[in-house]
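This report introduces a structure to a reader who has not met it before. The sequence and the model are shown first, and a description follows.

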Amino acid sequence: MKRLHQLNDREIPLCLLFNRINHLKPISLFFAAISRLGNGVFWYVLMLMLPLIYGLEALRVSAHMALVGLAALLIYKWLKTSTERVRPYSHSDTIFQNVAALDQFSFPSGHTLHAVGFSWVLLHYYPEWYVLVVPFTVLVALSRVILGLHYPSDVLIGAFLGAGLAQGSFCVLSCLL
């Protein structure tokens, strides 16, 4: 627990640097909206729309994304309760937080884990979505630090976990099929 507290202390200056722009109302509202969409709204709507856009073959893609999302949720919940890392705004009262957190702990960033996992799967099947989902995924990741909800390492580890989980899902599916 002491090591985690020391890591938090080391990351707070970077959190403050990102969080500084959260004080600007238009930017704060923009990143709050991005974060809200990253809660799942964007991804679930996209999963529902894929079969309408590409036909029944896209059901497999949507199901693949949903399975990665479910696995990500299980990993995310386990890590959150195992590490119990406090959020930046709880660690330092200099972090401006104006968006409610979905849960108490910060490690890892579930928004980033899911965004990267979903993007990885989607882009494997439909690379033309790159122009939309990559910038959105980057903005979701940035929003979590800017809004004071996560440390940069929460976001980085979330991204690595999402990428690893998505990539691993292709290996599992190829063994099963």
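## Helix α2 and its surroundings

In this predicted model, the buried residues of helix α2 pack against three helices: α3 (58-83), α5 and α6 (130-146). Helix α2 spans residues 25-54. Its buried residues are Ser28, Phe31, Ile34, Ser35, Gly38, Gly40, Phe42, Trp43, Leu46, Met47, Leu50 and Pro51.

One of these buried residues, Gly38, marks a bend of about 65 degrees in α2. After the helix comes Gly55, which has a positive phi near 95 degrees.

## Helix α5

Helix α5 consists of 16 residues, and the distance from its first C-alpha to its last is 23 Å. This is close to the 22 Å expected at 1.5 Å a residue. Of the 16 residues of α5, 13 are buried, so the rest of the structure largely encloses this helix.

The loop between α4 (88-91) and α5 contains Pro108. Phe107 and Pro108 are joined by a cis peptide bond, with omega at about -5 degrees.

## Aromatic pairs

Searching the whole structure yields seven aromatic pairs. One of them is formed by Trp43 and Phe118, whose ring centres are 5.5 Å apart; the planes stand at 40 degrees, so the pair counts as tilted. This pair connects distant parts of the chain, since Trp43 belongs to α2 and Phe118 to α5 (residues 110-125), 75 residues apart. Trp43 has a relative accessibility of 0% and therefore counts as buried. Phe118, with a relative accessible area of 2%, is buried as well. Ring pairs also join Trp43 and Phe118 with Phe42 and Phe136 in a cluster.

A further tilted pair is that of Tyr125 and Phe170, with 6.1 Å from centre to centre and 45 degrees between the planes. Here too distant parts of the chain are linked: Tyr125 lies in α5 and Phe170 in α7 (residues 152-176), 45 residues apart. The two partners differ in exposure, because Tyr125, at 23% relative accessibility, counts as partly exposed, whereas Phe170 is buried with a relative accessible area of 15%. The cut-off that separates them is 20% relative accessible area, under which a residue is called buried.

## The loop after α3 and a charge over a ring

Glu84 is placed in the loop between α3 and α4. Its phi is near 50 degrees, which is a positive value in a residue other than glycine. With a relative accessibility of 38%, Glu84 counts as partly exposed.

Arg85 lies over the face of the Tyr151 ring, 3.9 Å from the ring centre.

## Annotated regions

An unreviewed UniProt entry assigns the annotation "transmembrane region" to residues 29-55, 61-79, 129-149 and 155-176. How do two of these spans appear in the model, in helix content and in the distance between their end C-alpha atoms? Residues 61-79 are 100% helix and 0% strand, with end C-alpha atoms 27 Å apart. Residues 129-149 are 81% helix and 0% strand, and the end C-alpha atoms of this span lie 28 Å apart.

Key
Residues are numbered from 1 along each chain as its sequence is written. This is a predicted model: local features need pLDDT of at least 70, side-chain atom pairs count only at pLDDT 80 or more; totals for chains, interfaces and linings use all residues. Side-chain values use heavy atoms; hydrogens and water are left out. Rings of Phe, Tyr and Trp (its six-membered ring) pair if their centres lie within 6.5 Å; planes under 30 degrees apart count as stacked, over 60 as edge-to-face and the rest as tilted. Helices (H or I, at least four residues) and strands (E, at least two) are DSSP runs, numbered from the N terminus. Buried means under 20% relative accessible area, exposed over 50%, partly exposed in between (1.4 Å probe, protein chains only). A charge sits over a ring if NZ of Lys or CZ of Arg is within 6 Å of the ring centre and within 35 degrees of the ring normal. The bend at a residue is the angle between axes fitted to the seven residues ending there and the seven starting there. Contact means heavy atoms within 4.5 Å. The expected span of a helix is 1.5 Å times one less than its number of residues. UniProt positions are given in the numbering used here, feature names are shortened, and annotations may be inferred rather than shown by experiment.
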